Amino acid sequence: MLANGFDSILSLVTFLVFTGFAVAAFVFAAMAREDAYRAADKQTKKFWLILLGVNLLLNLLLPMLFLQIAGLIAAIVFMVDVRPALRQVTGGGGRRGGGSSSDGPYGPYNGGR
């Protein structure tokens, strides 16, 4: 009885994590500009939206583990490879506070003056 409850909780957590990751990847793919995909030399925006959208639909309508894992791999590839390339092309680097490219971790670098 305890093992059955653990299995159902584990499958629920797996479903929520995989679906949440699929939603996040789909939203990031939809927010990026079409020309950024070409500039980063990646597949088109339409390709990624279809792939991640099918992944999301399969997670919601047909939650089978092997399909979820295949979709998770596609979402991981997008998040690890495509999204950083898109951010680099569009200038959405790691800086959140703005600033100059010569700024160091403790403020602006003034060349030793």
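Leaving aside neighbours within four places in sequence, which residues is N59 in contact with? In this predicted model, the partners of N59 are F15, F18, T19, A22 and Q68. N59 itself belongs to helix α3. Is N59 buried or exposed? With a relative accessible area of 1%, N59 counts as buried, because that value falls under the 20% cut-off.

From N59, it is a short step to the helix pair α3 and α4. N59 is one of the α3 residues that make the contact with α4, alongside W48, L51, L52, N55 and L58. On the α4 side, the contact is made by L67, Q68, G71, L72, A74, A75, V77, F78 and V82. The axes of the two helices come within 9 Å, crossing at roughly 145°, and the crossing of α3 past α4 is left-handed. Sorted by class, this contact comprises 11 nonpolar residues and 4 polar ones, with no charged residues.

The helices also come together in the largest nonpolar core, which has 14 residues. At least two residues of this core come from each of α1 (2-31), α2 (34-39), α3 (45-61) and α4 (65-90). The most is given by α4, with 6 residues. A25, Y37, W48, L52, F78, V82 and L86 are the residues with the most contacts inside the core.

W48 makes a good place to pause, as a member of both the core and the contact of α3 with α4. Not counting residues up to four places away in sequence, W48 touches Y37, Q43, G53, A74, V77, F78 and V82. Among these, Y37, F78 and V82 are also listed with the most contacts inside the core.

Notes. Residues are numbered from 1 along each chain as its sequence is written. This is a predicted model: local features need pLDDT of at least 70, side-chain atom pairs count only at pLDDT 80 or more; totals for chains, interfaces and linings use all residues. Side-chain values use heavy atoms; hydrogens and water are left out. A nonpolar core is a set of buried Ala, Val, Leu, Ile, Met, Phe, Trp, Tyr and Cys residues joined through side-chain atoms within 4.5 Å. Buried means under 20% relative accessible area, exposed over 50%, partly exposed in between (1.4 Å probe, protein chains only). Helices (H or I, at least four residues) and strands (E, at least two) are DSSP runs, numbered from the N terminus. Contact means heavy atoms within 4.5 Å. Axes are lines fitted to C-alpha atoms, for helices over the stretch in contact, and angles run from 0 to 180 degrees between N-to-C directions. A crossing is left-handed if the near helix is turned anticlockwise from the far one by less than a right angle, and right-handed if clockwise. Ala, Val, Leu, Ile, Met, Phe, Trp, Tyr, Cys and Pro count as nonpolar, Asp, Glu, Lys and Arg as charged, and the others, Gly among them, as polar.
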